Amino acid sequence: MTFVKTKIALSKLQSGDILNVKLLEGEPLENVPKSATEQGFKVLEVTETDKQGVYNIKIEK
């Protein structure tokens, strides 16, 4: 479900725009970058935030 929401947000952006997504570690963190790459988007960065177990992912459309 997390990637579905991410894909909807990406569909509203212009080519070259960047979407910042906050994810919890575990399944969302494993699946969203993988699915985004498979769909032709570019994952620019995956970094842990100040909160343990929360990650920020930058995806370029």
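These legends go with several views of a predicted model.

**View 1. The whole chain, with its two helices and three strands.** Starting at the N terminus, the elements come in the order α-β-α-β-β. The radius of gyration is 11 Å, close to the 10 Å that the globule rule gives for 61 residues, so the chain is as compact as a globular protein of that length. Laid along its principal axes, the C-alpha trace spans about 30 × 20 × 15 Å. Of the contacts with a separation of 6 or more, 57% link residues 24 or more positions apart.

**View 2. The largest nonpolar core, a set of 12 residues.** Its members include F3, L10, L19, V21, F41 and Y55. Two or more residues come from each of α1, β1 (18-24), α2 (27-38) and β3 (54-60). Nonpolar side chains tend to be buried together in soluble globular proteins. Across the chain, buried residues make up 30% of the 61.

**View 3. Who sits around L23, one of the core residues?** Leaving out residues up to four places away in sequence, L23 touches T2, P28, L29, V32, G53, V54, Y55 and I57. Of these neighbours, L29, V32, Y55 and I57 belong to the core too.

**View 4. A nonpolar patch on the surface, formed by M1, V4 and I8.** Together these residues offer about 330 Å² of accessible area. M1 lies in the segment before α1 (2-11), and with a relative accessible area of 71% this residue counts as exposed. For the wider picture, the chain exposes about 4,300 Å², with carbon and sulfur atoms supplying 48% of that.

Terms used:
Residues are numbered from 1 along each chain as its sequence is written. This is a predicted model: local features need pLDDT of at least 70, side-chain atom pairs count only at pLDDT 80 or more; totals for chains, interfaces and linings use all residues. Side-chain values use heavy atoms; hydrogens and water are left out. Patches are made of residues with over 30% relative accessible area and no salt bridge: like charges are joined within 9 Å, nonpolar side chains (Val, Leu, Ile, Met, Phe, Trp, Tyr) within 5 Å. Accessible areas come from the Shrake-Rupley method with a 1.4 Å probe; for residues, only the protein chains shown count as cover. A salt bridge is a side-chain nitrogen of Lys or Arg within 4 Å of a carboxyl oxygen of Asp or Glu. Helices (H or I, at least four residues) and strands (E, at least two) are DSSP runs, numbered from the N terminus. Buried means under 20% relative accessible area, exposed over 50%, partly exposed in between (1.4 Å probe, protein chains only). A nonpolar core is a set of buried Ala, Val, Leu, Ile, Met, Phe, Trp, Tyr and Cys residues joined through side-chain atoms within 4.5 Å. Contact means heavy atoms within 4.5 Å. The radius of gyration is taken over C-alpha atoms; the globule rule is 2.2 Å times the number of residues to the power 0.38.
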